[in-house]
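Reader: I'm new to this one and would like a guided look. Please start with whatever I need to know about the words you'll use.

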Amino acid sequence: MVDPQVQIPTAFDPFAEAKESGAGGAKDNVHVRVQQRNGKKCLTTVQGLPKDFSLEKIVKALKKEFCCNGNVVKDKELGKVIQLQGDQRKNVQSFLINANLVPKELIKIHGF
């Protein structure tokens with residue numbers, strides 16, 4: 001006979017508390033990544049900039065500063081992401097710090 005009072009265990013999410021409390025996590029950081037395209041070509045993406053910034057103006061300044069092409073792409077999960085032509089990781093980091101947009105400790109650089 002089966003006891004109707006027995007609870008079936010459910011999936012446990014160890015990070016549920018952190019998500020609910022709004023503790024510092026990946027949402028606070030600005031992620032700068034490089035993606036390899038074909039051959040020597042690569043693409044730099046910047047995600048996690050605060051929503052109150054005008055990404056179009058930032059892209060315009062980055063394009064002028066580093067002589068590269070770029071645009072703002074909407075992603076379903078990540079929101080708006082800046083894409084730049086070439087490997088611009090260090091350039092983007094120095095631009096964001098010098099323009100006082102993001103502090104250095106909140107910028108995470110990914111890639112090879």
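Author: A residue is called buried under 20% relative accessible area, exposed over 50%, and partly exposed in between (1.4 Å probe, protein chains only). What you see is a predicted model, where local features need pLDDT of at least 70 and side-chain atom pairs pLDDT 80 or more, while totals for chains, interfaces and linings use all residues. Numbering runs from 1 along each chain as its sequence is written, and side-chain values use heavy atoms, with hydrogens and water left out.

Reader: Is serine 94 buried, exposed or partly exposed?
Author: Serine 94 sits in helix α3; helices (H or I, at least four residues) and strands (E, at least two) are DSSP runs, numbered from the N terminus. Its relative accessible area is 32%. That makes serine 94 partly exposed.

Reader: And how far apart are the C-alpha atoms of serine 94 and lysine 104?
Author: Along the chain, serine 94 and lysine 104 are 10 residues apart. In space, their C-alpha atoms are separated by 8.7 Å.

Reader: Zooming out, in what order do the elements run from the N terminus on?
Author: The protein has three helices and five strands. Going along the chain from the N terminus, you meet α-β-β-α-β-β-α-β.

Reader: Which strands stand at the edges of the sheet?
Author: The sheet is open, with mixed pairing and the order β3-β4-β2-β1-β5; two strands pair if DSSP finds at least two bridges between them. A strand with a single partner has one side left without a neighbour in the sheet, so the edges belong to β3 (70-75) and β5 (107-109).

Reader: Which residue of β5 is the bridge partner of valine 30?
Author: Strands of a sheet can pair parallel or antiparallel, through backbone hydrogen bonds. Here β1 (residues 30-36) and β5 run parallel, joined by three bridges. In β5, valine 30 is partnered by isoleucine 107.

Reader: At what angle does helix α3 run to β5?
Author: Angles run from 0 to 180 degrees between N-to-C directions, with axes fitted to C-alpha atoms, for helices over the stretch in contact (heavy atoms within 4.5 Å). Helix α2 (residues 55-66) lies across β3 and β4, at about 10° to β4. Helix α3 (residues 89-98) lies across β1, β2, β4 and β5, and its angle to β5 is about 175°.

Reader: Which element gives the most to the largest nonpolar core?
Author: A nonpolar core is a set of buried Ala, Val, Leu, Ile, Met, Phe, Trp, Tyr and Cys residues joined through side-chain atoms within 4.5 Å. The largest one has 17 residues, and Ile58, Leu62 and Leu96 are among those touching the most other members. β1, α2, β4 and α3 each supply at least two residues. With five residues, the top contributor is α2.

Reader: How many disulfides does the whole structure have?
Author: A disulfide needs a pair of cysteine sulfur atoms within 2.5 Å. Cysteine 67 has no such partner, because the closest cysteine sulfur, in cysteine 68, is 7.8 Å away, too far for a bond. Over the whole structure, the number of disulfides found is zero.

Reader: Is cysteine 67 buried or exposed?
Author: Cysteine 67 belongs to the loop between α2 and β3, and its phi is near 50°, a positive value in a residue other than glycine. Cysteine 42, at 13% relative accessibility, counts as buried. Cysteine 67, at 72% relative accessibility, counts as exposed.
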